[in-house]
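Student: Could we go through this structure together, by question and answer, with the reasoning spelled out at each step?

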Amino acid sequence: EFMQTFWDIEEAQAKAIQHLVSFVRDKSAFPYLLTFTEFITFAMKTHTDSLKLQVDGCSLLLEILSQALEQDVMTALDENVTSCLLDVVRKHSENEELLSLVCTLLMMISASEVAAENLGKAGVIPDLLSIVRKFLHNEKICLSCCGVLWSLAVSENNVDQALLKSAVPVTSAVLQEHLRNGAVTESACSALWALSLQGCLTENEYEPTTALLLDAFRMNPERPVLVKNACLALASLLRLSETAALRFITDSKGSGINLIKDAYHLHFDDPEVVESICVLTNEMVQYDDVVLDMVSQKMEELLFEIKNCFPSS
């Protein structure tokens with residue numbers, strides 16, 4: 001009632017948000033906090049010039065949504081929430097701290113098909129790409145933006161293909177910049193996989209993207225999700241291009257076949273990783289030169305082993 005009564009008074013809204021923060025760690029208060037998301041975003045939208053209110057509001061929303069995820073509670077966030085967050089992005093496009101919070105929120109809510117659709121309709125992609133270009137050094141921003149791009153690319157709703165295509169070089173730049181950061185690389189590989197499935201890469205991008213994915217694979221072999229996504233992204237590229245397939249086996253830093261064999265021995269007990277290796281192998285065998293290399297490196301032994309370990313799959 002207080003927030004509704006004094007909706008136009010910035011100080012009142014700021015104090016109300018600060019008061020709500022004090023209840024965040026009280027688990028019994030969580031169901032009530034969930035009902036406040038609408039009031040928080042309305043306050044942010046009304047007082048968009050107030051940087052402190054935006055930071056406090058985003059931090060509070062982040063706490064509420066994080067708890068909702070922890071407790072496996074579905075949160076219905078309507079179009080007003082996505083609209084509010086995009087207003088923040090566009091109004092405070094130079095503030096790295098605030099953008100880091102907003103991008104994390106966007107990634108979290110984009111997991112919902114409805115929210116992803118709303119974000120796509122609102123034209124979020126150019127905003128995301130602009131943020132990443134400006135703050136390419138920021139691991140948190142890059143991870144979150146790649147997460148949103150993945151959600152938009154796999155969404156059943158039609159997202160402008162030209163916009164998705166423009167995301168490829170930016171996502172590749174993220175991967176190049178953060179190859180040694182497993183979490184960011186994982187997110188970027190997921191985005192590249194989704195973009196490749198949507199046919200967003202040009203012929204000129206097949207080979208350099210293959211090399212980049214091999215680097216990501218090579219530097220983070222212990223991360224099962226990254227290995228799975230890298231294999232699936234590579235499979236998508238090899239399906240489209242013999243040039244990508246040849247780069248896969250002749251990369252100057254080492255053949256992709258050795259990477260596959262090493263990944264299997266690291267993750268032989270993870271069915272999802274093994275399945276992704278099989279998907280990639282299935283694309284490799286369509287090219288004669290690649291098959292010759294597979295035979296010379298005794299890939300058939302690995303395939304027999306996989307077949308014996310997963311007889312029912």
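## Salt bridges, a pocket and some single residues

Tutor: This is a predicted model, and a search of the whole of it finds 14 salt bridges. We can begin with the overall make-up and then come back to some of those pairs.

Student: How many helices and how many strands does the protein have?

Tutor: The chain holds 313 residues, of which buried residues make up 50%. Its secondary structure, counted over the protein, comes to 19 helices and 0 strands.

Student: What share of the contacts with a separation of 6 or more is made by residues 24 or more positions apart?

Tutor: Such contacts join heavy atoms within 4.5 Å. Among those in the protein with a separation of 6 or more, residues 24 or more positions apart account for 73%.

Student: How much of the accessible surface belongs to carbon and sulfur atoms?

Tutor: The accessible surface of the protein comes to about 15,000 Å². The part of that surface belonging to carbon and sulfur atoms is 53%.

Student: Which residue forms a salt bridge with Glu94, and where does that partner lie?

Tutor: Glu94 sits in the loop between helix H6 (79–91) and helix H7 (96–109), and its partner is 40 residues apart from it, so to speak in a distant part of the chain. With a relative accessible area of 58%, Glu94 is exposed, whereas the partner, at 34%, is partly exposed. The closest N and O atoms of the pair are 3.0 Å apart, and the partner, in helix H9 (residues 124–134), is Lys134.

Student: Which helix holds both Glu117 and Lys121?

Tutor: The side chains of Glu117 and Lys121 meet in a salt bridge, at 3.2 Å from N to O. Glu117 is partly exposed at 26% relative accessibility, while Lys121 is exposed with a relative accessible area of 63%. The two residues are 4 residues apart, about one turn of the helix, and the helix that holds both is H8 (residues 113–121).

Student: Is Asp251, which forms a salt bridge with Arg218, buried or exposed?

Tutor: In this pair the closest N and O atoms are 3.3 Å apart. Arg218 lies in helix H13 (residues 203–219) and Asp251 in the loop between helix H15 (242–250) and helix H16 (256–267), so the salt bridge ties together parts that are 33 residues apart in sequence. Arg218 is partly exposed, with a relative accessible area of 24%. Because its relative accessible area is 7%, and the cut-off is under 20%, Asp251 is buried.

Student: Which residues are linked with Arg218 and Asp251 in a network of salt bridges?

Tutor: The pair of Arg218 and Asp251 is itself a salt bridge. Linked with them in the network are Glu207, Asp215, Arg247 and Lys253.

Student: Which helix gives the most to the lining of the second largest pocket?

Tutor: About 250 Å³ of space lies in this pocket, and its lining residues, among them Met107, Trp150, Glu186 and Asn229, divide into 7 nonpolar, 4 polar and 1 charged. Helix H10 (139–154), helix H12 (182–197) and helix H14 (224–240) each supply at least two residues of the lining. The helix that gives the most, with 5 residues, is H12.

Student: Which residues is Gly57 in contact with, leaving aside its neighbours within four places in sequence?

Tutor: Gly57 lies in helix H5 (residues 51–70) and is buried, with a relative accessible area of 0%. The C-alpha atoms of Gly57 and Ile40, which are 17 residues apart along the chain, are separated by 6.2 Å. With its sequence neighbours within four places left aside, the residues in contact with Gly57 are Ile17, Ile40 and Met44.

Student: Which residues does Thr82 touch, not counting residues up to four places away in sequence?

Tutor: Thr82 has its place in helix H6, and at 3% relative accessibility it counts as buried. Not counting residues up to four places away, those it touches are Ile109, Ala115, Asn118 and Leu119.

Student: What is the phi of Lys298?

Tutor: Lys298 lies in the loop between helix H18 (288–296) and helix H19 (299–309), where it counts as partly exposed at 46% relative accessibility. Although Lys298 is not a glycine, its phi is positive, at about 55°.

Notes. Residues are numbered from 1 along each chain as its sequence is written. This is a predicted model: local features need pLDDT of at least 70, side-chain atom pairs count only at pLDDT 80 or more; totals for chains, interfaces and linings use all residues. Side-chain values use heavy atoms; hydrogens and water are left out. Buried means under 20% relative accessible area, exposed over 50%, partly exposed in between (1.4 Å probe, protein chains only). Accessible areas come from the Shrake-Rupley method with a 1.4 Å probe; for residues, only the protein chains shown count as cover. A salt bridge is a side-chain nitrogen of Lys or Arg within 4 Å of a carboxyl oxygen of Asp or Glu. On a 1 Å grid over the protein atoms alone, a cavity is a set of points where a 1.4 Å probe fits but cannot get out, and a pocket is an open set with protein on both sides within 12 Å along at least five of seven lines; lining residues have an atom within 4 Å of a point. Grid points are joined across faces, edges and corners, and a volume is the space filled by probe spheres set on the points. Ala, Val, Leu, Ile, Met, Phe, Trp, Tyr, Cys and Pro count as nonpolar, Asp, Glu, Lys and Arg as charged, and the others, Gly among them, as polar.
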